[in-house]
Amino acid sequence: MADIFDVIADGTRRDILRLLLDRSSAGERGTSVSHIVTELGASQPTVSKHLKVLRDAHLVSVREEGQHRYYSLSAAPLDEVDDWLVPFLDDSGGLEPDGIAAALPDSAAHAAEVVGRAAASAKHALESAFKRLPGR
C-alpha cells in the first residue's frame, strides 16, 4: 500500500477527497465519476487514475449500481496523518498565535489556542467514532 502522505500529496487527489467530504456532509450517499469530472474540470481518465490510487489507499469506497460507480470518502486512513500532525500542534511544538489571537493578552491567547485544539481533536475523534458505528 502506498504511503498515505504520498497519496494525499497530489492536489487532484486532495480535491477529490474534499469534494467527497463536502458531498457526504450534504447527505449524499456517493458521488459519480461523471460528477467528479464535472466539478473538477478534469478528464475522465485522469479522475479514474486518481480514484484508483485513493481506492488502493482505502481512502474511498465504491458502490456499483449497474454501469455506474459511486464513490464515498473513507477517512479512517487519515488518522495516520492526524496522529503525525497533532504533536506539532501541542504546547511543545507551539504554533505562533496570529490574527485575532495576537491581539489578545498572552494568557487569553494561550487559553484560546488550547481550547481550539482540544475542540478540533474532540470533533475529529467524535466524527471518526460516529463513522465506525454499525449501519454507517
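How many aromatic pairs does a search of the whole structure find? I would like to start there, keeping in mind throughout that what we have in front of us is a predicted model. The search finds one aromatic pair. It is made by Phe5 and Trp84, whose ring centres are 5.6 Å apart and whose planes stand at 70 degrees, and because an angle over 60 degrees counts as edge-to-face, that is how this pair is classed. Phe5 belongs to helix H1, residues 4-8, while Trp84 belongs to helix H5, so the pair ties together parts of the chain that are 79 residues apart in sequence.

Let me stay with Trp84 for a moment. Helix H5, in which Trp84 lies, covers residues 79-89. Are the two partners buried, partly exposed or exposed? Trp84 has a relative accessible area of 49%, which makes the residue partly exposed, and the cut-off matters here, because exposed would require a value over 50%. Phe5 is also partly exposed, with a relative accessible area of 29%. Trp84 has a further role in the description of the surface, where Trp84, Leu85 and Phe88 form a nonpolar patch with about 320 Å² of accessible area together.

On the subject of contacts between distant parts of the chain, I would also point to Ser121, which is found in helix H7, residues 106-131. The C-alpha atom of Ser121 is separated by 8.4 Å from that of Val86, although these two residues are 35 apart along the chain. Ser121 is partly exposed, with a relative accessible area of 43%.

Now to the strands. Strand E2, residues 60-65, and strand E3, residues 68-73, pair in the antiparallel sense, and six bridges connect them. Where the two strands meet at the turn, Glu65 stands opposite His68 in E3. The hairpin has two residues between its strands, and Gly66 takes a positive phi near 65 degrees in it.

That brings me to charged side chains. As a general point, side chains of opposite charge can pair when their charged atoms come close. In this model the count comes to five salt bridges, and I will go through some of them, beginning with the one formed by Arg69 and Glu64, where the closest N and O atoms are 3.7 Å apart. Of these two residues, Glu64 is exposed, at a relative accessible area of 51%, whereas Arg69, at 39%, counts as partly exposed.

Another salt bridge joins Asp56 to Lys52, and here the closest N and O atoms are 2.9 Å apart. How far apart are Asp56 and Lys52 in helix H4? They are four residues apart, about one turn of the helix, and both lie within H4, residues 44-56. Asp56 is partly exposed, with a relative accessible area of 42%, and Lys52 likewise counts as partly exposed, at 43%.

The last salt bridge I will mention is that of Arg23 with Glu28, with 3.6 Å between the closest N and O atoms. Glu28 is partly exposed, its relative accessible area being 39%.

To return to where I began, the aromatic pair found in this predicted model is the edge-to-face one of Phe5 and Trp84, and Trp84 also takes part in the nonpolar surface patch with Leu85 and Phe88.

Methods: Residues numbered from 1 in each chain as written. Predicted model: local features only at pLDDT ≥ 70, side-chain atom pairs only at ≥ 80, totals over all residues. Heavy atoms only, no water. Patch = residues over 30% accessible without salt bridge, like charges linked within 9 Å, V, L, I, M, F, W, Y side chains within 5 Å. Areas by Shrake-Rupley, 256 points an atom, 1.4 Å probe, with all protein chains shown as cover. Salt bridge = Lys/Arg side-chain N within 4 Å of Asp/Glu carboxyl O. Buried < 20%, exposed > 50% of the residue type's maximum accessible area, 1.4 Å probe, protein only. Phe/Tyr/Trp six-rings, centres within 6.5 Å; stacked < 30°, edge-to-face > 60°. Pairing = 2+ DSSP bridges.
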